[in-house]
Amino acid sequence: FSKSKYQDTMGHIGILSIVVFLCAVCFATASVDVCWKGDSDCPTCPGGSSSFSSLLYLTASNLNLVANLMKAEKVISSLGNNDSIWLQPLVNLHTTLNYFCCYTATQRHTVLQVLREYQWKPLNLTYSHFGCNLDRDGKTVYLHAQPDQSSQDTLFAFVRGIEKALEAAGVPVPNPRVQLFHATLARVDPSYPADALVKQLQGTTFGQALVSFFITEPPYLHIFKANGTTVV
């Protein structure tokens, strides 16, 4: 086995390895298999009605959590084309609770009244999962940190309680919460290696958040504290 043949063989192996690596990268860039298909956004509303949401803002809840979420955003940026990645600004890190879809002004007033009277205790949440969802348009992928199962149960119980209170007040709930709760960190297109990112970040403990208030918006900001106290 001559030296030249050895060099030729090793050269072919090297080229083959590069080709295999590039093919793996190409395959990864189109991977959104693990992503939940759909979204929880409200539909386009008929005239005379509009939508709004209730949200938990995380920026003020735990600095360690926020710092770790920002580190995750750096990982997101490192795996894709920065031109196609939109990152959630630090001040806007949040988890949406309820989607109040297509309510009239009278119904909106009732919703806000129900929220003012709703009794609840501060929520202790742990964000230790990572996931994604492919939007119903098939063109947008959202990447997000998720609360663990215990925290998901806490949040679903909280939201279901609000939904029941609304129905008791005569307000229909056309868009009950279905999707897992999450904090969106980035928006990308389907060419991004979402599966690889989820595999890399899955099981990462980002931190805890002790949440004692939530807000509703738009168009007007209302703040609701635990135990039924309205700040604004």
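**Chat: pockets, a cavity and a helix**

Student: Which element gives the largest share of the lining of the second largest pocket?
Tutor: β5 does, with four residues. A pocket is an open set of 1 Å grid points over the protein atoms alone, with protein on both sides within 12 Å along at least five of seven lines. Lining residues have an atom within 4 Å of a point. Strands like β5 are DSSP runs (E, at least two residues), and helices are too (H or I, at least four), numbered from the N terminus.

Student: Is this real or a model?
Tutor: The model is predicted: local features need pLDDT of at least 70, side-chain atom pairs need 80 or more, and totals for chains, interfaces and linings use all residues. Residues are numbered from 1 along each chain, and side-chain values use heavy atoms, without hydrogens or water.

Student: Back to that pocket. Which residues lie nearest its centre?
Tutor: Trp36, Gly131, Cys132, Gln146 and Leu180, out of 15 lining residues. β5 and β6 each give two or more residues to that lining. The second largest pocket has about 150 Å³, the space filled by probe spheres set on points joined across faces, edges and corners.

Student: And how much space lies in the largest pocket?
Tutor: About 330 Å³. Of its 17 lining residues, Asp41, His94, Tyr142, His182 and Thr184 lie nearest the centre. β4 gives the largest share, four residues.

Student: How do its lining residues divide?
Tutor: Three nonpolar, 10 polar and four charged. The second largest pocket has eight nonpolar, seven polar and no charged. Asp, Glu, Lys and Arg count as charged; Ala, Val, Leu, Ile, Met, Phe, Trp, Tyr, Cys and Pro as nonpolar; the others as polar.

Student: How many cavities of 30 Å³ or more are there?
Tutor: One, with about 40 Å³ of space. In a cavity a 1.4 Å probe fits but cannot get out. The lining includes Tyr99, Phe100, Glu163 and Arg177. β4 and α4 each give it two or more residues.

Student: New topic. How far does α2 reach?
Tutor: Its 16 residues, 63–78, reach 23 Å from first C-alpha to last. That is close to the expected 22 Å, which is 1.5 Å times one less than the number of residues.

Student: Which α2 residues are buried?
Tutor: Leu65, Val66, Asn68, Leu69, Ala72, Glu73, Ile76 and Ser77. Buried means under 20% relative accessible area (1.4 Å probe, protein chains only).

Student: What sits at the start of α2?
Tutor: A side-chain oxygen of Asn62 reaches to within 2.8 Å of the backbone nitrogen of Asn64.

Technical notes
Buried means under 20% relative accessible area, exposed over 50%, partly exposed in between (1.4 Å probe, protein chains only). A polar contact is a pair of N or O atoms within 3.5 Å; within protein, one must be able to donate a hydrogen and the other to accept it, and residues adjacent in sequence count only if both atoms are side-chain atoms.
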